[in-house]
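Student: I'd like to learn how to read a structure with more than one chain. Can we go through this one together?
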Amino acid sequence: MSTNEQVEHVGGTTITFAKVWMVLLFLTGVEVLLAYEQVPTLIMLTILVGLSIIKAALIIAYFMHMKFERLSLFLTLFPMLIFCIVLMLIFLGDATRIPVMRPPV
Amino acid sequence: MSTVSVAASTSPWAGGQSPYATNSKKFGMWLFIISDSLTFSALLFAYTYSRVANPDWPKPFHFSPSIIFSSIMTFCLLSSSLTMVMAVHAMNHGNRKSAFKWILGTMVGGAAFVVLHLSEWMNLINNEGVTPFHNPWDVPLFGATFFALTGLHMTHVIIGLIYLGIIAQAVIRGKFKYEDVEVAGLYWHFVDLVWMFIFPLVYLMSARI
């Protein structure tokens, strides 16, 4: 049963993977171009992290096959991970305040 | 009594069923990947925190060689991910020879990444004077976080190369099954995925314009 299911669940052809690879390369190129634009640090950070999350989602969905797995596997693994990472962001506000709070030299 | 046993055998908790429809090796690797991604996100977060909190954070990465090198390294890792997918694909169709070749291709991509990364490190250490505890710009946190983050990632790549080497020689000798290659592939894609965050956050955010 499991072997039959695996064959059925292969998902994605060679062409799909090549397309995903090209999109990933394109997004990397966009990131490199963006690095040479004069943008405030926090906005630049947001755009770069946003693009990276899109790339990560593509890798997880297609290369790591998550799109073709059962929803239960995704629900077991990812909501907790995302929640923990978002919890870390609580401290990021401090990082933006520290430079302002420094006494003038 | 017979109704009880029927009910027990159809319950998803009765055993003998796989709620995720995946084998235990793959699920184990997924659990490892989730915990390892928390490690990397903590390190990335520490780096970003220091980066945002220090207005005089150094920007040591010149377009040539650092940004060019790291872009080529990104290309190497992305392409090696594609070849790994092809290896899993070939193995799924029972073509061990083709799978072996694709895994070797993946290892070449990974090895190129390590070589480029080490030369990039040597460039930073020798030409820019960055070490884990000192640097010319008086922001010691830069070296500490940079080498910890990229060093841990490079360790993962090197472990991945050893892992793939073991898988490759087993595949060509007719050992191991499809799922073993797939699990190795999961690990390799994860290493690639982590670099997709390190490259913009560490290199592009500190590119010297």
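Tutor: Sure, and keep in mind that this model is predicted. Let's begin with the core. In soluble globular proteins, nonpolar side chains tend to be buried together. Here the largest nonpolar core has 67 residues, and B:A87, B:A99 and B:I103 have the most contacts inside it.

Student: Which elements give two or more residues to this core?

Tutor: They come from both chains: chain A brings helix 2 (14–35) and helix 3 (41–63), while chain B brings helix 2 (24–53), helix 3 (63–92), helix 4 (96–128), helix 5 (140–172) and helix 6 (178–203). Helix 6 of chain B gives the most, with 18 residues.

Student: Let's zoom in. Which residues is B:I103 in contact with, leaving aside its neighbours within four places in sequence?

Tutor: Look for B:A87, B:L164, B:I167, B:A168 and B:V171. A contact here is a pair of C-beta atoms within 7 Å.

Student: Now chain A. How many helices and strands are there?

Tutor: Chain A has five helices and zero strands, so reading along its sequence you'd write α-α-α-α-α. Of its 105 residues, 17% are buried.

Student: And how many residues of the two chains are in contact with each other?

Tutor: 37 residues of chain B are in contact with 37 residues of chain A. On the chain B side, helix 2, helix 3 and helix 6 each give two or more residues.

Student: What is that side of chain B like by class?

Tutor: Count 27 nonpolar, nine polar and one charged residues on the side that touches chain A.

How values were computed. Residues numbered from 1 in each chain as written. Chains lettered and ligands numbered in written order. Predicted model: local features only at pLDDT ≥ 70, side-chain atom pairs only at ≥ 80, totals over all residues. Helix = DSSP H or I, 4+ residues; strand = E, 2+ residues; numbered from the N terminus. Buried ≥ 20, exposed ≤ 12 C-beta atoms within 10 Å, placed from the backbone. Core = buried A, V, L, I, M, F, W, Y, C linked by C-beta atoms within 7 Å. Nonpolar A, V, L, I, M, F, W, Y, C, P; charged D, E, K, R; others polar.
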